[in-house]
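Student: Hey, can we go through this structure together? I'd like to start with the charged side chains and then move on to the cysteines.
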Amino acid sequence: MNNKWVIDNIGTAGRADITQLLDTYSEEDRLYAGEKARQITRDHFGNKIYIRGIIEFTNHCRNNCLYCGIRCGNRNVSRYRMSDESILKCCENGYRTGIRTFVLQGGEDAYYSDDRLCGLVSSIRRQYPDCAITLSVGERSFDSYRKLREAGADRYLLRHETADKEHYSKLHPEGMSFDNRMSCLHDLKKLGYQTGCGMMVGSPYQTPETLAEDLIFMRGFRPQMVGIGPFLPQKDTPFAQEKPGSVDMTLFLISLIRIMLPDVLLPSTTALGTAENDGRIKGILAGANVYMPNLSPEENREKYLLYDNKDGLMDDAAYVIQSLKTKLGKYGYQIVTDRGDYEEISDIR
């Protein structure tokens with residue numbers, strides 16, 4: 001099957017054709033997909049790039065994922081939890097720079113009971129009623145997700161990591177369940193969250209077949225957000241010596257996801273910026289339309305290292321946004337202060 005045909009028809013192509021595309025694509029194919037994805041993004045979002053402010057509020061985690069620098073088995077991490085006051089201060093600083101979505105990201109920290117986390121979400125909702133609140137705190141019960149939704153959370157990011165069950169078992173220790181991860185994603189959708197999934201590109205044991213499975217899963221699940229980035233090793237994990245994921249493959253997948261899901265909100269992730277200079281700009285040019293500056297206090301950022309050499313550890317959010325305006329302005333893009341909510345469109349490819 002011709003690769004360009006598969007790119008054009010990624011929304012309906014079969015598993016074998018998608019696998020072959022991912023295994024054999026050329027630079028010409030990647031550029032073709034990038035141009036097509038960029039045009040689709042312009043058609044549906046204009047020249048807008050949405051900003052979300054990340055607050056990494058806890059690096060405690062009960063899980064021991066083999067790829068993650070804040071895994072519970074890593075004894076070299078200096079653990080922290082931010083106070084509610086400190087988190088609200090981050091929101092205040094972000095709001096002042098024009099950010100209208102706050103992303104509370106952390107490990108799966110048992111300290112944050114439903115009452116604690118709902119109280120925090122409610123406080124942000126009261127003080128910033130015009131802002132969106134996104135949570136990224138892992139697997140919780142249906143009832144917990146319901147309470148958080150009622151407290152004011154709008155969106156939830158939960159990377160599926162891989163849609164292949166066997167591959168999932170190679171990235172996670174015994175006791176972590178692929179089926180539960182998928183169940184959580186469906187629970188979030190049922191509760192009306194704008195739901196985000198995603199995977200690492202180039203993670204150990206990943207193949208064109210497993211990546212094709214990811215695309216087919218997303219095609220059926222229809223997430224409102226997708227977050228992908230290249231796998232990057234962290235020195236205190238079992239995968240410390242594994243090679244990083246490909247930036248080119250990540251950019252190609254961003255383009256394919258945009259073609260497949262034209263209305264999706266698609267960040268250009270920090271991992272892309274870490275893997276390559278101006279990697280996040282390249283992500284935007286490949287079809288992404290979201291950029292996420294870090295609002296966390298500087299003293300915490302170097303303690304929240306999911307991978308080594310994380311980009312922008314000391315960058316001030318206001319500086320990042322101003323710099324981004326200049327860089328993306330050259331390509332005709334505009335940084336906007338909208339919440340940037342998901343809006344479903346009818347023109348599905």
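Tutor: Sure, we'll take salt bridges, then cysteines, then a surface patch.

Tutor: This is a predicted model, where local features need pLDDT of at least 70, side-chain atom pairs count only at pLDDT 80 or more, and totals for chains, interfaces and linings use all residues. Residues are numbered from 1 along each chain as its sequence is written, and side-chain values use heavy atoms, with hydrogens and water left out.

Student: How many salt bridges are there?

Tutor: The count is 30, taking a salt bridge as a side-chain nitrogen of Lys or Arg within 4 Å of a carboxyl oxygen of Asp or Glu.

Student: Which residue does D114 pair with?

Tutor: D114 pairs with K147, and their closest N and O atoms are 3.9 Å apart. D114 sits in helix α5 (residues 114-127) and K147 in helix α6 (residues 142-151), so the bridge ties together parts 33 residues apart in sequence. Helices here are DSSP runs of H or I with at least four residues, numbered from the N terminus.

Student: Is D114 buried or exposed?

Tutor: D114 is buried, at 19% relative accessible area, while K147 is partly exposed at 31%. Buried means under 20%, exposed over 50%, and partly exposed in between (1.4 Å probe, protein chains only). The two also belong to a salt-bridge network with R140, D143, R146 and E150.

Student: What about R30, where is its partner?

Tutor: R30 and E27 are both in helix α3 (residues 27-45), three residues apart, or about one turn of the helix. Their side chains form a salt bridge at 2.7 Å, N to O. R30 is buried at 14%, and E27 is partly exposed at 38%.

Student: OK, switching to cysteines. How many disulfides turn up?

Tutor: Zero, in a search of the whole structure for pairs of cysteine sulfur atoms within 2.5 Å. For C65, the nearest cysteine sulfur is that of C68, 6.2 Å away.

Student: And why is C72 not bonded?

Tutor: Because the closest cysteine sulfur, in C61, is 6.9 Å from the sulfur of C72, too far for a bond. C72 is partly exposed at 26%, whereas C65 is buried at 10%.

Student: Last one: which residues form the negative surface patch?

Tutor: E298, E299, D315 and D316. Patch residues have over 30% relative accessible area and no salt bridge, with like charges joined within 9 Å. E299 lies in helix α13 (residues 298-301) and is exposed at 52%.

Technical notes:
Patch = residues over 30% accessible without salt bridge, like charges linked within 9 Å, V, L, I, M, F, W, Y side chains within 5 Å. Areas by Shrake-Rupley, 256 points an atom, 1.4 Å probe, with all protein chains shown as cover. Lys, Arg positive; Asp, Glu negative; His and termini not counted. Charge placed at Lys NZ, Arg CZ, Asp CG, Glu CD. Helix = DSSP H or I, 4+ residues; strand = E, 2+ residues; numbered from the N terminus.
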